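I kept these entries while looking up cavities, cores and one helix. They follow the order in which I looked.

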Amino acid sequence: MKQDQFLTVLSRDEAEAKLHDLVDISPLNEEEVPLEQALGRILARDVVASIDVPAFHRSNVDGFAVVANDTYLADEEEPIRLRLNKESIAAGDAPTLEVKLGTSTPIATGAVIPRGASAVVMVEFTDSRDDEVLIYRPAGPGDGMSYAGSDIMQGETVLRTGDLLSSRETGTLAALGIAACHCVRKPRVAILSTGNEIIDPGEKISEGKIYDSNSRIVADTVRENGGEDVFLGIVPDDEEQLEAAIRDGLRHDILILSGGTSKGGGDLNYRVLERLGTIHVHGVALKPGKPLCIAIVDSKPVIILPGFPTSAIVTFRDFVQPIIRSWAGLPPQSRRVVTAQQAIRYHSDKGRMEYTMVNLVKSDDGYRTYPWTKGSGAVTTFSQADGFIKIPANQEMVLENQNIEVELIGEELSVPDITSIGSHCVGLDFLLSEVKRFGFGVKIINVGSMGGLEAARRGESDLSGIHLMDERTGVYNESFAADDDNLVLVRGYVRRQGILARPGHFERLSLDDLLSSHANSGSLNMVNRIRGSGTRILTDKLLTAASDRLGISFQKAVESIRGYEIEARSHNAVAVSITTNKADWGIGIETVARDYGLQFKFLEDEHYDFVMPCSKFASPAIQKFLEFLQSEQAAKRLNTLGFQVPEDMGKTLDLSRRHK
């Protein structure tokens, strides 16, 4: 077979580019994994809730299920008397009797709320006598109970492609009744140790022998980065045995060896690969790590790491680890860099990029670095160093007191690059999913526009989607951010809000008619949005105007609307409630109505913009978000999703002149 390179040294970047040309680093295909084996795996599909959690209106206390209106006048001096229904509901029981005005039903914690009941009074605030119960404290709607879907609502995306499944995520899957999930297949990494001098840990040491540490380091690093290690054992310096072991290793996704790549007569690994396949890289301008060898045999990548431990670790971390992570569906390894000053002058070999392990020492002026000098053959160099510095190939020296960047080694708590707290929108879901593809971690928490604005003020949210209209001016978002010099407002896109309903369910979609329908029959159920969300604020504003036109108070209007107090945390959840006949109508965006095949009656346009703390604005993740937001790709996709894209999307708004 042809040997492309035999110690014809390539630069580090040339070697990496050649490896990526040879190997497809896309995530591997998915496989179905039983829930009990899913811990630590990477999701290959979004998980959308197929049920509500809880699946029914549930009592949170032991007490009595009541109609809340019956209890409003109750106090300790003059309790309210209610007739007891002839059933008592335990957890797991299905209620059979409706709670009507003037009646009550005993209920246990966790039991199903019977039809007609709107609250549960704790047993501590009651007194049972024969066939009636005395209520000593009033209860408001929803007191003592949890609504169906208050934790997870059917149709809600609870986990996303690329999420790492910890015990929290597997618990969520269990709560949804999911017994198996689709995960990215773990890459199988075959590991082969070679050499007459290598022995297994636990064996008796003798002169000239060394324990096999490289395979242990590689195997554990593979597992740390989402792969499955397959150790093939130790093979002596025998070409026939080595060839058989290599062929066995080719059954897996990639084969890793170490040592046997130099010019010595006993270096057999590269000679066997030369016969079996094609060697594409043999020598990289790295210190440590020059003897790295990269080959392709039967369409499988085979990597021979240098034999010295630190050299093997550095080259595996730099060249192989990113491939394993990508195959496993993991984002690129987070590399934390700190700025420090060099404590002593350090000489480097010109012509090779050098990775120098350092210790960091805290000083009054920050960090100072002291280089390790044990060499690439030392096992402790990598394990005990705090980090490393990269010295370019054309640089011969790092001067004392020179500012340098140190890349830290070691595991730390993983904090998302962007925590987005605010209003839910499928457009924001798309944008942050794309940012995640660039290697940034993302967490989304849907609390509504006002909650997101306050989270940004406190510095808890890196990026908050908001759609808050100033009723004085009719302008969205600007006045809300203008009174805080620590906030930045970035123009987003325009959404169409309207009434959502099932096709043909009822013809009249104006709020006036809906209020009239409720007043006349009370047969239509609404699903609302959470308090503090921009859509909830818009809903209340529009209902206020409609009630004024009908000559009734806002309070009277909402009391006539069945389901007004039922809250959904996303537009998708509103749509699912309607499509599954849990509700008849709600207010949401046209995009979701279209996706779920619902009837839509336009109410008004709104600006969905992004607010963030000034202190987070310059972060790489936020800058990548803004860069993508201004891209043609983002505009096309947002248009496809049904949003209007203004010319200034992605631009920072100047609020100083208009809102002082």
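**Entry 1: cavities**

I searched the whole structure, which is a predicted model, and found three cavities of 30 Å³ or more.

I took the largest cavity to begin with. About 60 Å³ of space lies in it. I listed its lining as His467, Leu468, Met469, Glu471, Tyr476, Gly534, Ile537, Leu538, Lys541 and Glu604. I sorted these lining residues by type and got five nonpolar, two polar and three charged. Which helix gives the most to this lining? I noted helix H12, residues 534-550, with four residues.

I then went to the second largest cavity, with about 40 Å³ of space. Its lining consists of Ile191, Leu192, Ser193, Asn214, Ser215, Val218, Ile256, Leu257, Ser258 and Leu305. I looked for the elements that give two or more residues to this lining, and they are strand E13 (188-194), helix H3 (214-224) and strand E17 (254-258). By type I got six nonpolar and four polar residues, with no charged ones in this lining.

**Entry 2: nonpolar cores**

How many residues has the largest nonpolar core? I wrote down 41. Leu428, Leu431, Leu463, Tyr493, Phe610 and Phe625 have the most contacts inside this core. I checked which elements each supply at least two of the core residues: helices H8 (426-437), H14, H15 (590-595), H17 (620-629) and H18 (632-640), together with strands E32 (487-501) and E36 (599-613).

I picked Leu463 for a closer look. I left aside its neighbours within four places in sequence and listed what Leu463 is in contact with. The list holds Ile418, Thr419, Ser420, Ile421, Leu428 and Leu432, and also Phe610, Val611, Met612, Ile622 and Phe625.

Apart from the largest core I found another one, of 31 residues. Ile254, Leu286, Ile303 and Phe319 are among its residues.

**Entry 3: helix H14**

I came back to H14, one of the elements that supply at least two residues of the largest core. Is this helix, residues 571-579, mostly covered or mostly open? I found H14 mostly covered, with eight of its nine residues buried. I listed the buried ones as His571, Asn572, Ala573, Val574, Ala575, Val576, Ser577 and Ile578.

I also looked at what comes after the helix. H14 is followed by Asn581, and I noted that the phi of Asn581 is positive, near 70°.

Notes: Residues are numbered from 1 along each chain as its sequence is written. This is a predicted model: local features need pLDDT of at least 70, side-chain atom pairs count only at pLDDT 80 or more; totals for chains, interfaces and linings use all residues. Side-chain values use heavy atoms; hydrogens and water are left out. Buried means under 20% relative accessible area, exposed over 50%, partly exposed in between (1.4 Å probe, protein chains only). On a 1 Å grid over the protein atoms alone, a cavity is a set of points where a 1.4 Å probe fits but cannot get out, and a pocket is an open set with protein on both sides within 12 Å along at least five of seven lines; lining residues have an atom within 4 Å of a point. Grid points are joined across faces, edges and corners, and a volume is the space filled by probe spheres set on the points. Ala, Val, Leu, Ile, Met, Phe, Trp, Tyr, Cys and Pro count as nonpolar, Asp, Glu, Lys and Arg as charged, and the others, Gly among them, as polar. A nonpolar core is a set of buried Ala, Val, Leu, Ile, Met, Phe, Trp, Tyr and Cys residues joined through side-chain atoms within 4.5 Å. Contact means heavy atoms within 4.5 Å.
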